[in-house]
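Here is a quick tour for someone meeting this protein model for the first time. Keep the picture handy as you read along.

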Amino acid sequence: MQRVFTYHTGHPVLDTYALRVRMEDYTVCETALVPRAEVPDNPPAMNGESEEVFVVLRHALIDWETGDANPWRYLLIDMRETIFQEAVREFLLSTNRAALYSYGQVAKSLGDPKAARAVARACASNPVPLLVACHRVVPAPTAQIYAARYPKIRQEAQAAGPFPASRRGVPKRALRLAQAALSDLDLGGYAGGTELKRALLEYELAWKLDLLAKSTARRG
């Protein structure tokens with residue numbers, strides 16, 4: 001069974017896409033972020049039993065678009081992968097928003113520092129992008145620059161105080177700060193295209209910065 005979900009994040013690029021999901025026996029088998037222009041205005045009606053399959057995912061997507069750090073935790077995912085691909089998937093599922101890793105760092109975390117290319121292949125063949133965050137894996141120089149830069153980004157968000165809330169989606173000031181922080185970085189390839197990868201990372205970083213700003217303001 002397949003269905004397409006729209007969402008609203010407040011990111012001008014990300015909101016031109018929709019999430020297409022294929023499920024079998026209550027398990028997610030495949031996802032894709034597709035241009036919203038390709039989504040039919042009136043998707044085919046589904047019977048009540050089929051509709052139930054997507055209820056959990058609909059709630060997960062709402063959690064994602066409102067900044068939940070781990071919105072997919074209640075979903076069953078079946079990627080039908082090799083043992084190594086499964087290990088990469090489990091690592092990516094454990095990563096946090098606004099964290100970037102090099103292919104070598106992922107390989108090292110799996111106990112095989114020489115497997116960076118295998119990690120890259122596993123990310124490239126990921127059948128459930130967004131849910132399994134392969135977009136957080138970037139070239140090694142980028143991961144190093146970002147790690148060195150992040151403390152300053154964090155300080156800027158904390159100094160800004162709570163960002164004015166947007167009517168829907170991530171606060172605009174937090175998004176602008178995230179976009180500036182990533183604007184000069186080579187984020188590497190992505191099955192959905194580099195523009196989409198950048199949008200996802202900007203969006204995740206913006207929510208992280210918003211959370212930091214709110215936390216600092218509460219501590220006063």
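## Tyr-203 and its surroundings

Let's start with a tyrosine: in this predicted model, a polar atom of the Tyr-203 side chain sits 3.2 Å from the backbone oxygen of Trp-64. Tyr-203 belongs to helix α8, which runs over residues 194-219. Is Tyr-203 buried or exposed? With a relative accessibility of 0%, Tyr-203 counts as buried.

Who are the neighbours? Setting aside residues up to four places away in sequence, Tyr-203 touches Thr-9, His-11, Leu-14, Trp-64, Glu-65, Thr-66, Gly-67, Arg-97 and Val-170. There is also a C-alpha distance to look at: Tyr-203 and Pro-171 are 32 residues apart along the chain, and their C-alpha atoms are 10.0 Å from each other.

## His-11, a histidine in a loop

One of the residues that Tyr-203 touches is His-11, so it makes a handy next stop. You'll find His-11 in the loop that links β1 (2-5) and β2 (17-24). His-11 is buried, its relative accessible area being 2%.

What does the side chain of His-11 reach at 3.3 Å? That would be the backbone nitrogen of Leu-14. The His-11 side chain also makes a polar contact, at 2.7 Å, with the side chain of Glu-202. If you skip neighbours within four places in sequence, the contacts of His-11 are Leu-175, Gln-179, Ala-199, Glu-202 and Tyr-203.

## Two more spots on α8

Ala-206 is another resident of helix α8. Ala-206 counts as buried, at 0% relative accessibility. Not counting residues up to four places away in sequence, Ala-206 touches Val-170, Ala-174, Leu-175 and Ala-178. Leu-175 should ring a bell, as it also turns up among the contacts of His-11.

Now hop over to Gln-158, which is placed in helix α6 (residues 140-160). Gln-158 is partly exposed, with a relative accessibility of 22%. Which residues does Gln-158 contact once neighbours within four places in sequence are left aside? They are Leu-212, Thr-216 and Arg-219. The C-alpha atoms of Gln-158 and Ala-217 are 7.8 Å apart, while their positions lie 59 residues apart along the chain if you count from one to the other.

## Positive phi without a glycine

Ala-98 is not a glycine, yet its phi is positive, at about 75°. Look for Ala-98 in the loop between α3 and β4 (101-102). Ala-98 is buried, with 11% relative accessible area. Along the chain, Ala-98 is 108 residues from Ala-206, but in space their C-alpha atoms are 8.2 Å apart.

Leu-130 is a further case: its phi is positive too, near 80°, and Leu-130 is a residue other than glycine. Leu-130 sits in the loop between α5 and β5 (137-138). Its relative accessible area is 3%, and Leu-130 is buried.

## Where α3 meets α5

Next up is a pair of helices. Helix α3 covers residues 83-93 and helix α5 covers residues 116-124; they pack at an angle of about 75°, and their axes are 10 Å apart. Angles from 65 to 115 degrees count as roughly perpendicular, and α3 and α5 are therefore roughly perpendicular to each other.

Which residues do the meeting? On the α3 side they are Phe-84, Gln-85, Val-88 and Leu-92, and on the α5 side Ala-118, Val-119, Ala-122 and Cys-123. Sorted by class, this contact has 7 nonpolar residues, 1 polar residue and no charged ones.

## Two cysteines, no bridge

How many disulfides does the structure hold? The count is 0. Cys-123, one of the α5 residues that meet α3, is in no disulfide, and the nearest cysteine sulfur to it is that of Cys-134, 5.6 Å away. Cys-134 is likewise in no disulfide, with the sulfur of Cys-123 as its nearest cysteine sulfur. A disulfide needs the two sulfur atoms within 2.5 Å, so a pair with sulfurs 5.6 Å apart doesn't qualify.

Are these cysteines buried or exposed? Cys-123 is buried, at 10% relative accessible area, and Cys-134 is buried as well, at 6%.

Methods
Residues numbered from 1 in each chain as written. Predicted model: local features only at pLDDT ≥ 70, side-chain atom pairs only at ≥ 80, totals over all residues. Heavy atoms only, no water. Axes fitted to C-alpha atoms, helices over the stretch in contact; angles between N-to-C directions. Helix = DSSP H or I, 4+ residues; strand = E, 2+ residues; numbered from the N terminus. Parallel < 35°, antiparallel > 145°, perpendicular 65-115°, else oblique. Contact = heavy atoms within 4.5 Å. Nonpolar A, V, L, I, M, F, W, Y, C, P; charged D, E, K, R; others polar. Buried < 20%, exposed > 50% of the residue type's maximum accessible area, 1.4 Å probe, protein only. Polar contact = N/O pair within 3.5 Å; in protein donor to acceptor, adjacent residues only side chain to side chain.
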